[in-house]
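Here are some worked exercises to try with the model open beside you. Have a go at each task before you read its solution.

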Amino acid sequence: MILETFPVGPLECNCTIAGDEGNGEAMVVDPGDNIPHILARLNGLGLTLKQIVVTHGHIDHVGGAVKLKQATGASILLNKNDLPLLRMMDMQAGWLGVPTPEVAEPDESAEDDMIVGLAAYPATVLHTPGHTQGSICLHFAAEHLLLAGDTLFAGSIGRTDLPGGDGRQILRSLHDRVMTLADETRVIPGHGEETTIGEERATNPFLRG
Ligand SMILES: [Zn+2]
């Protein structure tokens, strides 16, 4: 699997390109901003974008999705429980002091247990509400890889004080769906450095008890 993660936008959302070196197909997760760079990397890697998956409806993760779709024709997947956040994009842009990006309803809702991504490298959607009601993680079981969105970070967890957030719910999601994964699972969070499930199980202060 071709895998490349880089920060985009003022909040440095981790955007990930996953590609199939066999057929040249790619998925992009969380194209929050900086679409020219994402397109340049797809081009540089010789990949054709087939699918855009957004881990949740916050502007720093979803902000560039429509632009990327317009440039490539790829479909957009986002869990339907975050549609209310898409409708609050003006307000979200106000939080950051940036222009409101164009938003559109996703082509499909990314539902719990749905298989998304590439035929050779499928990922399972884990619906992990709490940071937002539509937050998802993507689990590439064969690769022992989790794209965690803003649910789990190295040494921290997602904030729950924004609209749609729920502190008890994110802990339930983490305990029931995320921390059940194997210790060796590599975690690429929505922001910051990558980690592993084992490292977070041993050291993350939010996961004690
Ligand atoms: Zn977020």
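**Exercise 1.** Are H58 and H131 buried or exposed? Work out as well how the zinc ion is held in this predicted model.

*Solution.*
Step 1: Begin with the two histidines. H58 is buried, and H131 is buried as well.

Step 2: List the protein donors of the zinc ion. They are H56 through NE2, H58 through ND1, H131 through NE2 and D150 through OD, at 2.2 to 2.4 Å from the ion.

Step 3: Place two of them in the fold. Because H58 sits in the loop between β4 and α2 while H131 sits in the loop between β7 (122-127) and β8 (136-140), the pair ties together parts that are 73 residues apart in sequence.

Step 4: Write the spacing of the donors along the chain, which is H-x1-H-x72-H-x18-D.

Step 5: Check the geometry. The angles subtended by the 4 donor atoms run from 86 to 171°, so the arrangement counts as irregular. A tetrahedral label would need all angles to lie between 85 and 135 degrees.

**Exercise 2.** Find which residues of helix α3 (residues 65-72) are buried, and what they pack against.

*Solution.*
Step 1: Pick out the buried residues of α3: A65, V66 and L68.

Step 2: Look down the axis. These residues cover an arc of only 160°, which puts them on the same side of α3.

Step 3: Turn to the face pointing away from that buried side, where you will find the exposed residues K67 and Q70.

Step 4: Collect the packing partners of the buried residues, among them β3 (25-29), α1 (35-44) and β4 (48-53).

Step 5: Step just past the end of α3, where G73 takes a positive phi of about 80°.

**Exercise 3.** Describe how β7 pairs with β6 (residues 115-117) and with β8.

*Solution.*
Step 1: Take β6 and β7, which run antiparallel and are joined by 3 bridges. G117 stands opposite P122 in β7.

Step 2: Examine the connection: β6 and β7 form a hairpin, with 4 residues between them.

Step 3: Move on to β7 and β8, also antiparallel, with 4 bridges joining them. Here V125 has L138 in β8 as its bridge partner.

**Exercise 4.** How many disulfides does the structure hold?

*Solution.*
Step 1: The count is 0.

Step 2: Try C15, which is in no disulfide; its nearest cysteine sulfur, that of C13, is 6.7 Å away. A disulfide would need the sulfur atoms within 2.5 Å.

Step 3: Try C137, also in no disulfide, with the sulfur of C13 the nearest at 13 Å.

Step 4: Check accessibility. C15 is buried at 0% relative accessibility, and C137 is buried with a relative accessible area of 0%.

How values were computed
Residues are numbered from 1 along each chain as its sequence is written. This is a predicted model: local features need pLDDT of at least 70, side-chain atom pairs count only at pLDDT 80 or more; totals for chains, interfaces and linings use all residues. Side-chain values use heavy atoms; hydrogens and water are left out. Buried means under 20% relative accessible area, exposed over 50%, partly exposed in between (1.4 Å probe, protein chains only). Helices (H or I, at least four residues) and strands (E, at least two) are DSSP runs, numbered from the N terminus. The arc is that of the directions from the helix axis to the C-beta atoms. Contact means heavy atoms within 4.5 Å. Donors are N, O and S atoms within 2.8 Å of the metal (3.2 Å for Na, K and Ca); water is not among the atoms, so sites may look incomplete. Four donors count as tetrahedral if all angles lie between 85 and 135 degrees; four count as square planar and six as octahedral if opposite donors are over 155 degrees apart and all others between 65 and 115; anything else is irregular. Two strands pair if DSSP finds at least two bridges between them.
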